[in-house]
Amino acid sequence: MTDASVPRRRPVHPRPALGRRGGAVAAGLAIALVLSACGTSRPTALDRPSGQSQSTAGPAATDQPSGGEVAGTVNVFAAASLTETFTTLGRQFEEAHPGTKVVLNFGPSSGLATQINQGAPADVFASASTTNMTQVLKQGNADRATTFAKNVMEIAIPATNPAHVTGVDDLGRPGLKVAVCQPEVPCGVIARRVFAKAGVNVTPVSLETDVKSVLTKVALGEVDAGLVYVTDVKTAGSKVAGIRIPSRVNASTDYPIAVLKHSGNAAAARAFTDYVLSPHGGSVMRSGGFTKP
């Protein structure tokens, strides 16, 4: 125990006797103090955390709350292509903020946006398309969104490449089995842009609900090729190989993130969003193959 923690004794001095008038004054002061202590206190500016914002978008990206300031569960709806990076960020966020739990729900951005607009209990939405985020904004379920990453397409093929695919032009070859995302899903929208820019007529044999489903088809050898994001090929392991698409015919998509307006845990939602937008979050995204917006 340090000296500062030991209460010091003060010398006791005898109190002078109070006259009748002095005793009355002292009694009056005592009663006033008691009444003051029993009254209802009103919050002042000092009671409010400094820098607190009323905006659902939260404070600046670099203003990360310390571990004890947020707690509870934060439900994050995120595009399937964010599976690996957001799993990492979610785990790290929990470690940095003891008492929090990040529940991740991955899926196609279009489907997640629909669920949110129908009242699904979500706190944060991270989309693989500005179009799907706009749907949420227009319905009044978020005030604003911030773009935090960008992604481009790549051809995924089985590691042994049995169909000898070498580029985008091969995807239009008769008899070649190609898988892409459904037309309303961001990866399906971007795939069509690539085909249009390359002037290739592709007839997919499989239209998948999200990019991870396309990747699974390729990894299992059920198709000869699939159009996915470059980040998916990076995380797929040895079962899948990738063929880069020339920039002149490739297409990209932006990833916006937003705190949802009717979040059940707005403080944790803002903190997680700030964590994704922070320099550390950007580093995790880049290590996963994403680029700056």
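How many bridges pair strand β1 (residues 72-79) with strand β2 (residues 100-107), and in which sense do the two strands pair? In this predicted model, strands β1 and β2 pair in the parallel sense over eight bridges.

## Parallel strands and crossovers

Within the pairing of β1 and β2, Thr73 has Lys101 of β2 as its bridge partner. Together with helix α2, these two strands form a β-α-β unit that is right-handed. Strand β1 also runs parallel to strand β3 (residues 124-126), to which three bridges join β1. One of the contacts here is that of Val76, whose bridge partner in β3 is Val124.

A further parallel arrangement involves strand β5 and strand β6 (residues 206-208), which are joined by three bridges. Val180 stands opposite Leu207 of β6. Between these strands the chain passes from β5 through α5 to β6, in a β-α-β crossover that is right-handed. The side chains of β5 point in two directions: Val178 and Val180 one way, Ala179 and Cys181 the other, and all of them are buried.

## Strand β7 and its partners

Strand β7 (residues 225-229) is mostly covered, with five of its five residues buried. Strand β5 (residues 178-181) runs parallel to β7 and is joined to it by two bridges. In that pairing, Gly226 of β7 is the bridge partner of Ala179.

Strand β4 pairs with β7 in the antiparallel sense, over four bridges. Here Leu227 of β7 is the bridge partner of Ile155. β7 thus has a parallel pairing with β5 and an antiparallel pairing with β4.

## Aromatic pairs

The structure holds seven aromatic pairs. The ring centres of Phe86 and Phe148 lie 5.9 Å apart with the planes at 40 degrees, and the pair is therefore tilted. Phe86 belongs to helix α2 (residues 83-96) and Phe148 to strand β4 (residues 146-158), so this pair ties together parts that are 62 residues apart in sequence. Phe86 and Phe148 are both buried.

Phe148 also pairs with Tyr255: their ring centres are 6.3 Å apart and their planes stand at 70 degrees, so this pair is edge-to-face. Because Phe148 lies in strand β4 and Tyr255 in strand β9 (residues 252-259), the pair ties together parts that are 107 residues apart in sequence. Phe148 is buried at a relative accessible area of 10%, and Tyr255 is buried at 0%. Ring pairs link Phe86, Phe93, Phe148, Tyr229, Tyr255, Phe272, Tyr275 and Phe290 into a cluster.

## Internal cavity

How many cavities of 30 Å³ or more does the model contain? The count comes to one. About 70 Å³ of space lies in the largest cavity. Its lining comprises 13 residues, of which Ala79, Ala80, Ala128, Val185 and Tyr229 are the closest to the centre. By type, the lining residues of the largest cavity divide into nine nonpolar, three polar and one charged. Tyr229 is thus one of the residues lining the largest cavity as well as a member of the aromatic cluster.

## The second largest pocket

The second largest pocket has a volume of about 160 Å³. Its lining consists of Ser129, Thr130, Thr131, Asn132, Pro183, Glu184, Pro186, Val189, Ile190, Arg193, Thr253 and Asp254. These residues divide into four nonpolar, five polar and three charged.

Which elements each supply at least two residues of this lining? They are α4 (130-138), α5 (186-198) and β9. Helix α5 gives the most, with four residues. Helix α5 also takes part in the right-handed crossover from β5 to β6.

## An exposed loop residue

Lys239 is located in the loop between α7 (230-235) and β8 (240-244). Is Lys239 buried or exposed? Its relative accessibility is 59%, so Lys239 counts as exposed. The C-alpha atom of Lys239 is separated by 5.2 Å from that of Ala159, although the two residues are 80 residues apart along the chain.

Key:
Residues numbered from 1 in each chain as written. Heavy atoms only, no water. Phe/Tyr/Trp six-rings, centres within 6.5 Å; stacked < 30°, edge-to-face > 60°. Buried < 20%, exposed > 50% of the residue type's maximum accessible area, 1.4 Å probe, protein only. 1 Å grid on protein atoms, 1.4 Å probe; cavity = no way out; pocket = protein on both sides within 12 Å on 5 of 7 lines; lining within 4 Å. Points joined across faces, edges and corners; volume = space filled by probe spheres on them. Nonpolar A, V, L, I, M, F, W, Y, C, P; charged D, E, K, R; others polar. Pairing = 2+ DSSP bridges. Right-handed = clockwise from strand over helix to strand, strands pointing away.
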